[in-house]
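Subject: Structure handover

Hi,

Here is the structure I promised to pass on. Please open it first, then read my notes below.

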Amino acid sequence: MKTTVTNRKSLWLLLLILAFLITFTVLQKSTKVWTVLNLPISLHHWNVIRESSSPGAPLNPAASPTETELRISKIREKLDQMIPPRPFTHVNSTTSAKHSTVTILNPRDTYCRGDQLDILLEARDHLGRRKKYGGDFLRARMSSPALKAGASGKVTDFHNGTYLVSFTLFWEGQVSLSLLLIHPSEGVSALWRARNQGYDRVIFTGQFISGSTRVNTDCALILNSSTELCQYLDAQDQEAFYCMRPQHVPCAALTHMHSKNKEVSYLSKQERTIFVRSNVGVEIMENFNVISVSKCNKDPVPVKEKCKPRMTSTIPSGHVWKETWSPVSCDLAPIKVNECLRGKFIHLLGDSTIRQWIEFFKASSKTLKSVDLHEYGKLQHQLAVDLDRNIKIQWQKHAYPLIGSSIYSVKEIEYMARVIDRTGGEKNTVVVISLGQHFRPFPIDVFIRRALNVHKAVQRLLLRSPDTTVIIKTENIREMHNDAERLSDFHGYIQNLVMMDIFQDLNVSIIDAWDITIAYGTNDVHPPQYVVGNQINIFLNYIC
């Protein structure tokens, strides 16, 4: 009898253990499903909100390097090799626009339309001594203001202090040539070192609201603090943002954010002299005469095919003529916008330079109507629809770092990769990505990680929906004399190289806004409407 009772107790104990194991397994699988779907457990758009007593730091430092970490390291190594240290003892040993010499190779009295004009640049320092290494950040442009025409030039660095600058003479008339020394190689080296030293050039302030309590605290990508932190983690891609945890307020109560520049510099006093206004964007060809270009009765220009997605890009990629963009490799056909967009869902993801697109569409179309999403501020999501034609255009900001002195809501903020993951995609879905301007003040690893995570999301999208059109809009050039350490176009140039390297294996199209804005000579992060309209015309030719 005792044996029977003991056996029954053992059986019940085994059944209880089995039930516990089954429940635990189901819960584990359930958690995994929630993570994959990225459904917010806390009604917040981050998958994990943690309270942490340790300072914000790179995640999982003791873990073995992931594929992403190895890729970041490899890209960073290539960039470090491309931008070697160039220490200098005095500004006189840096490249001087005034003392550098330019020589036209095979000069002529008159040039023909379509010819290539080559110039040899010999870089010299402020004492007239020949430079023995390259790396100067130069910008070549040709223009005819009376014709509202312009194009970029191609700069080839021989890494020995000499450069070949090539201009394709796209149009007839009087053409002016420009070669700007934006930063000498020594300045480029200083910017690169300084950029990768700190995360604190921009201060973020987070607003927490819990009932009647409102509290502001410091937030950042990295917070060096011993106080308790709120960690807002995207668990899938291991990207995080941190805020100082306010007393008696939960981390999930974060609602709004704004930022301002911090008075901090990682440049030495001597290095900062390179970036004073008079030393940035100095003309090397100041005393050059205009070039006369004639038609020369050459053979007719061959008819080019219509522009379409995924065409090979060239340098330069095109030219401006009478304020209209004309690509080198294809023709832009006239497009009836409403018919082109009929039945399409256009998802614009990124910064304010792609927000200009939806603003252009709304301003230029009488049938597109804005939908009030009950948000506020310049960074609110925007939606425009044409119900009769079944057109939907949406702009959505990217996640941190998002720089803005105006307060913006973070309640609906999402990482771009998560937005792409929940996009169904099909032949009438178009995703346009613009990423870069807000990343310039931070170490390049932050941008590389984000680009890699977006790349993986696009890869997943194209696997499940190969008919989806994905377009990358590169960065615009911006104001030349506006805080070089944080915002220099050199940072944007490097980020464009990173994007092109990362996305080269995917079936995506490129709109080279960098080259387009150089050709227009805008020097404005938000170029005029006619420039935006020409970017959009390329987009329409790609999708219709």
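Start with strand E25, residues 469-473, which pairs with E26 in the parallel sense over three bridges. One residue to find there is Lys473, whose bridge partner in E26 is Ile511. Keep in mind that this is a predicted model.

Now zoom out to the whole sheet. It is an open sheet of seven strands. Their order is E20-E21-E22-E19-E24-E25-E26, and the pairing is mixed. Which are the edge strands? They are E20 (369-370) and E26 (509-511), and each pairs on one side only.

Next, go back to E25 and pick out Thr469, which lies in that strand. Is Thr469 buried or exposed? Its relative accessible area is 13%, and the cut-off for buried is under 20%, so Thr469 counts as buried. What does Thr469 touch, leaving aside residues up to four places away in sequence? The answer is Thr429, Val430, Val431 and Ile543. Look at Arg310 as well. Thr469 and Arg310 are 159 residues apart along the chain, yet their C-alpha atoms are separated by 9.9 Å.

Then come two helix pairs.

The first pair is H2 (residues 67-82) and H8 (residues 444-464). Their axes are 10 Å apart, and the helices pack at an angle of about 130°. That angle is neither over 145 degrees nor within 65 to 115, so H2 and H8 are oblique to each other. Their crossing is right-handed. On the H2 side, the contact uses Thr68, Glu69, Arg71, Ile72, Ile75, Arg76 and Leu79. On the H8 side, you will find Ile444, Asp445, Ile448, Arg449, Leu452 and Lys456. How do the residues of this contact divide? Six are nonpolar, one is polar and six are charged.

The second pair is H11 (residues 513-520) and H12 (residues 529-543). Here the axes come within 11 Å and cross at roughly 140°. H11 and H12 are therefore oblique to each other too. H11 passes H12 in a right-handed crossing. From H11, the residues in contact are Ala513, Ile516, Thr517 and Tyr520. They meet Tyr530, Val531, Asn534, Gln535 and Ile538 in H12. This contact has six nonpolar residues, three polar ones and no charged ones.

To get your bearings, try finding Thr469 in E25. Then step along to Lys473 and across to its bridge partner, Ile511.

Best wishes

Key:
Residues numbered from 1 in each chain as written. Predicted model: local features only at pLDDT ≥ 70, side-chain atom pairs only at ≥ 80, totals over all residues. Heavy atoms only, no water. Pairing = 2+ DSSP bridges. Helix = DSSP H or I, 4+ residues; strand = E, 2+ residues; numbered from the N terminus. Axes fitted to C-alpha atoms, helices over the stretch in contact; angles between N-to-C directions. Parallel < 35°, antiparallel > 145°, perpendicular 65-115°, else oblique. Left-handed = near helix turned anticlockwise from the far one by under 90°. Contact = heavy atoms within 4.5 Å. Nonpolar A, V, L, I, M, F, W, Y, C, P; charged D, E, K, R; others polar. Buried < 20%, exposed > 50% of the residue type's maximum accessible area, 1.4 Å probe, protein only.
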